[in-house]
Amino acid sequence: MSSDAAAIHAVEVTINGERYERPALARQLLVHFLRDTLGLRGTHIGCDTGNCGACTVICDGRLTKSCMLLAAQADGCEITTVEGLAPARGDLTPLQAAFNAEHGVQCGYCTPGMLMSASFLLERNPNPSEHEIRRGLKGNICRCTGYENIVRAVQSAARAAAAATAKGNS
Amino acid sequence: MLLRAVEYVRPDSPVEAIAALRSSRHARVLAGGQSLVNVLKHRVAACELLVDISRIDELRFIDAGQDGSVRIGAATTYDELDRSSQLRASHPRVAEVASGTVDQQVRCRGTIGGNACYNDPASNFPPLLVALGATMRIESADGPREVDAEDFFFAPFETAVGTGELLHSIVLPPLSGRGVGHSSILLAQDSWALARACAVIEANGVVQDVRLVLGCVGPAPVRARAVEDRLRGAQLSAGAIEAAVPAAREGLTPVSDVHASAEYRLEMAVVVAQRALLQAAEHLSA
Amino acid sequence: MMVGGRVAVEASCEEMFSRLSDPRKLEDLVPAVEWVEVLDEDSFTVSMAPSTGLGITPLKLRVNVSDRRDNEGVRLSGEADGGEFTAAFQLRLEFVPDGQASQVRWSAEARFVGLLSSIGQRVLPAIVAAQVEAVVRQAASPT
Amino acid sequence: MTDFTAPDAVVETIESVQQELGRWTGKSIPRKEDRRLLKGQGQFVDDAWMFRQGYVHFLRSPHGHANIRSIDTTKAEAVPGVYATMTGAEMAEQCEPFFRIAPDPAARIEEYPLALKARFQGDAVAVVLAETRELARDAAELIEVDYEPLPAVVDAVRAADPRSPVLHEEIGSNLAWHGIYDYGDIDWALENADHVVRIDRLHFHRFSSTPLECQGALVNWDPGTDQIEILSNIQFPMFATQVLGPSLGVGQDQLLWRYQDSGGAFGNKIAMYPQIAALALISRKAGRPAKWTEYRSEHMLSCGMGNERTFLDIEVPVMRDGTILGFRMRAFDDAGAYLHYEPLGAVIWSQVVPGCYRFKHVNVDYTETLTNKCPTVPNRGYSRLQHLWMIERLVDTVAHELEFDPVQLRKLNYVQPEDYPYETPNGCIYDSGDLPLTLDKALALIDYPSARERQRSVASSGAGKRIGIGIGSTLDSGTNNFGQARIINPDLPFSGNGEAATVRLDLYGEIFCTLGSSPTGQGHETTAAQVVADILGASPADVRVHAGFNKEHGAYVGFSGTYASQFAVTGINAAIGAARLLRAEIATVAAAALQCEGADIQLEAGVASYRGDGERAIPLIGIANLVYANNAELPPEVADGVSLNCRYVYRPPFQVPDPVTKRGNLTLTYAVQIHACVIELDEQTGQVRILDYGAVDDCGNRINPQIVEGQVHGATGLGVGAALYEAFNYSEAGQLLNASFYDYHAVTALDVPAIKTDHLESPSPFTPNGAKGMGEGGGAPLATICSAIQDALGPGAELVSDSHNPPERVWRLLRSTGARGVEVQTR
């Protein structure tokens, strides 16, 4: 069997616009690299089978469960995590604000991953139907909300964005 | 959640990848990793070297041929298939199946080649590739070779891709007017399949040729030849399909698991066979 | 979990019997076998690492040979220890002459203990079958 | 007869409190805690870190039942980076067995932090502390355990058979608890009823809410202070602390508990004390903080699961007009391998003996047994949802078999609006409600008449589909009376309930509130701020509520925690009480400063004034200054009488139940949930699709309607999951077949239907704020969906006898031609 000694890789990533270079064991998952090595603990772990989506980030434009990617695989990539959505001390993004207004957060543990999937969805499809929203969030398990208010939050964020665009155009 | 110690390499080309695969007795290809990484986390299997092919551009492409065929690189993701206008035009059902695969995150990472090589009995692509008559191009140090999809799938995690080899690409032949149908019974939405069937029909009123391939009912996709034989030469109708599908049970060896018994899977094979054939017939007339 | 099958091989029943009922020979015949330690005539320990497309699964097997019927069949039973899971198994092999060649009929019963019994439930029967048949084939045509 | 009229003093308090809660209470203000959670700034258990910490991995038995012949940790200890290992035997030498709730014989079970014999797959047998997560797990793989596998028993009914394998030899059987609940006169009812409906068997399956954040703890046994700091998302720290003190041989002053955010719990995180004990002991041994974060598969195997219950030989006496007199049955509850919180479930269900109905005659022969399965823990709707599901199945079956309209039959048998307060056969007092109206609202949500119309047209279309319409009526009994534990074990020194809170005015006039609750997503920071703001004339934005739980704040009693649908009553009324005390102190100080009577002081927008006169006023910062830093300006009698740091304990009015007759008021409030749904059933496959879903909730006065609605959605989502997708199944050998989210299908956004909601507000006459706890829900979706499947199957079909209905089970029901599981005897 392999040993860790021969398996240390230099990983260089840009996360939320900031460049990091750190060694990682080949077997280290990206989610552990984010949380334990870099201290970016907004990205969560909820399962060990890639089902729950709590660890979702956007990696080079791909919606990614960071528990199914090795840190070494992310070398050279640009990653957005939940910490990259809004400034640490600044205002919430419209999507985050919609989650607050529609009570789309209960325990908050799935929330970071849910926000990443919702952002990805709205980026691709600014005006999704209810079914498209549910499909877009299917890879994120929430045990608290029954998804109802999360779906409403995404709908409301989409409406707000559409209204803002319309206003901008008029 | 934590893997055993392992080595990792990210080659830049298929040639380098094959060299890497040959360099270690227990090297495995890491493509999307959406299944393999989870298996490694649970420590039920281990390997010495992971050869990451997910960023080899030469393995990521969707090329439409003049004749309506499509060549797909093994490291092409479901999401790329889902969003390919070429594929939507030439093989809409394949794009549709890609689009219904698990969830957006898995679609962004999981690859058609990985799906094929993993060959989980519940997977969606193996039966579809066999039904479509796809050709699998395998590369090795000895050069490329081609294998019919029908001869490609052996058992779960076992395919014609041998040690030191790499699945390079998959060629879908032109539909040329054939109708394609796909039906699954899922435990929940976009979840585990309990039964799957893919059907491809060529007909001009009378069935010229038909392929019906079942998933979830054996170690690899199963061609329901008894059903095909009954339909070939018959007038294509819902009645003919209904009369033929009970023969789908022949020779199937489904497993029982916590979600469904072998008996249920067997009966559902008949149901999905009928639905896939009807859908293929509809597609044909449309 | 019970699985079974039959494999047609070029080797004769005598050859198959002698190879598959003698643990010392397995070490040379089957690539997945790393070493064999013979405890007595009928019991031995095997370290092997069967391989699938997912990787290897290192196992330590304690095997008892019972029901040896010369050139006709043999029964192996034992336990496999894979670290976080174990399996108890019984494997029956029957050798039926087919001209110079022979048919090997086999049936196996395995009970998995540990996480594998959950996450492997859909695929284990097929994997066990593939592994048994691979060993039989390797025994038939040693490389 | 129990006296259920509230004493005059209580009534007076209730009226005055409700007058004070007008401005913010009852409004859907957005949650205060969301901001950090939305930004990824929450502090969950795995986010915690201590200097020199090591990581823990528990080695767990792969066997369902096995003796441990030996454990050899030598190889693990030799791994560089491993700080310590411990086995069960070593731990047993260093602590006392955990406190037991059960009476004899189960009281003789001696349980330690790690198992000395493996009794379920996932039983922890050894533990490793190492420098990294990876090393801890690698080293655990090197521990050699010699197991002697034993036959397992995985069925609660079979476990009661003396021939079955015994888990705990010291008690000689698998009996966790047995008792007979007998109310009214069931023999008379069965003899005099016009019909008796008999049901062979109903089975409520095992599942759990599987919170998305697994369990975890970071424990440091500090060698300097000898205090044990426990950072853990445990849901009921004050229960655990009472168990752990005596077991570890430390005082309560040595146990420091805290956490900030917890990723859901639903009852499942209540029984983490064995793991925490193990962490404490290995921390002491290694002289390092020990951190453990549960893996999902570890959680599935060993965290705890909801109660599985089998109901046998159910007999239901029914009169010609449809009046149901009650029922008799035997119940077998499956405790799993250890009694971590059980056998409390064996009495908790009796909070709702007749469900929503006026049943008078009830006889339940109740047995709880130990099996080779993961121990049971409370799970949303704990122990009541099993019973309520059974009752709804029974009512539906009576309707089907005797051809009553299911709506009319329910309305006939419901407790009627004029019956409140209504005393149940065992002395529980249903506080308020209007069940028939609640049902009507639920039916309106799904447009019941057109759903019936659709059912007929689909049936005649020949499309291979059927429509079914289901109703589930349940109760969420909240704020329990711990005295009911004495019905299980008369020797237990528990009764009543309560909660503490503090509200203080800080040095510069800030309002700060601490709670004894341990929230896991219920929005306590928001709702507490709403009521405190109302009392102190402030805005919720001005009230900082401490996040999470911290024992060091001193805002706790023995019952403190978040469980049993009680925060809206216990926690909120504690906060109200503390805020009122603070207001009185502010008024006292202000009166001294403004030279007037305290009664003339008004508190508004951060200013205390003489009857609202802005010229004669003092801001809160001025009040704080006088008390904290300028007290020579105050008259001594005022300065000596105030602290501006006010602690209040809310105590609900309970009496001790009678363990002999098993009677008493077991809970304070009863929120009502009535759900209705329309499903489509595929005749070929047995697949069920929910076409329409309506949920109506009545939880009295709502503090924050949006939060209430969120709880309704959540309980509905989990209930839909349990009814159709989620189950824990064991093989006969005790192997869990759903040990990850691969095979335990936690429902997704695609599986849960859009949920329509409506509400009633029937204030509770027994709580100062008129609220009722409602977070657990009563498991209405399970009853509703089973009811709809039965309705789709149509007349003469086999009984839907299981609460879990995946496609194959429904497919078999559709094809069943054998025994139906039900018979009717008519006189």
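Start with the second largest cavity in this predicted model. Select α1 (30–37) of chain A, then add β1 (54–60), α5 (133–141), β12 (290–293) and α10 (296–302) of chain D: each of them gives at least two residues to the lining of that cavity. The space inside comes to about 300 Å³. There are 26 lining residues, and to find the middle, pick D46(D), R133(D), T293(D), E294(D) and Y295(D), the closest to the centre. Now colour the lining by class: you should get 13 nonpolar, nine charged and four polar residues. If you go hunting for other holes, the count is 14 cavities of 30 Å³ or more.

Next stop: where chain D meets chain A. Select the contact residues, 57 from chain D and 54 from chain A. Together the two chains bury about 4,400 Å², with 53% of that on carbon and sulfur atoms. Click on L38(D), K39(D) and L212(D), which supply 18% of the area chain D buries against chain A, more than any other three residues.

Now for the charged pairs. Six salt bridges cross this interface. Zoom in on R27(A) and D138(D), whose side chains form a salt bridge at 2.6 Å, N to O. Polar contacts between the two chains link 30 residue pairs.

Which elements of chain D give two or more residues to the side that touches chain A? Highlight α2 (34–38), α5, α10 and α21 (705–724) of chain D to see them. Linger on α21(D), which gives the most, with nine residues. Last, colour that side of chain D by class: 24 residues are nonpolar, 19 polar and 14 charged.

Definitions and conventions. Residues numbered from 1 in each chain as written. Chains lettered and ligands numbered in written order. Predicted model: local features only at pLDDT ≥ 70, side-chain atom pairs only at ≥ 80, totals over all residues. Heavy atoms only, no water. 1 Å grid on protein atoms, 1.4 Å probe; cavity = no way out; pocket = protein on both sides within 12 Å on 5 of 7 lines; lining within 4 Å. Points joined across faces, edges and corners; volume = space filled by probe spheres on them. Helix = DSSP H or I, 4+ residues; strand = E, 2+ residues; numbered from the N terminus. Nonpolar A, V, L, I, M, F, W, Y, C, P; charged D, E, K, R; others polar. Contact = heavy atoms within 4.5 Å. Buried area = accessible area lost by both parts, 1.4 Å probe. Salt bridge = Lys/Arg side-chain N within 4 Å of Asp/Glu carboxyl O. Polar contact = N/O pair within 3.5 Å; in protein donor to acceptor, adjacent residues only side chain to side chain.
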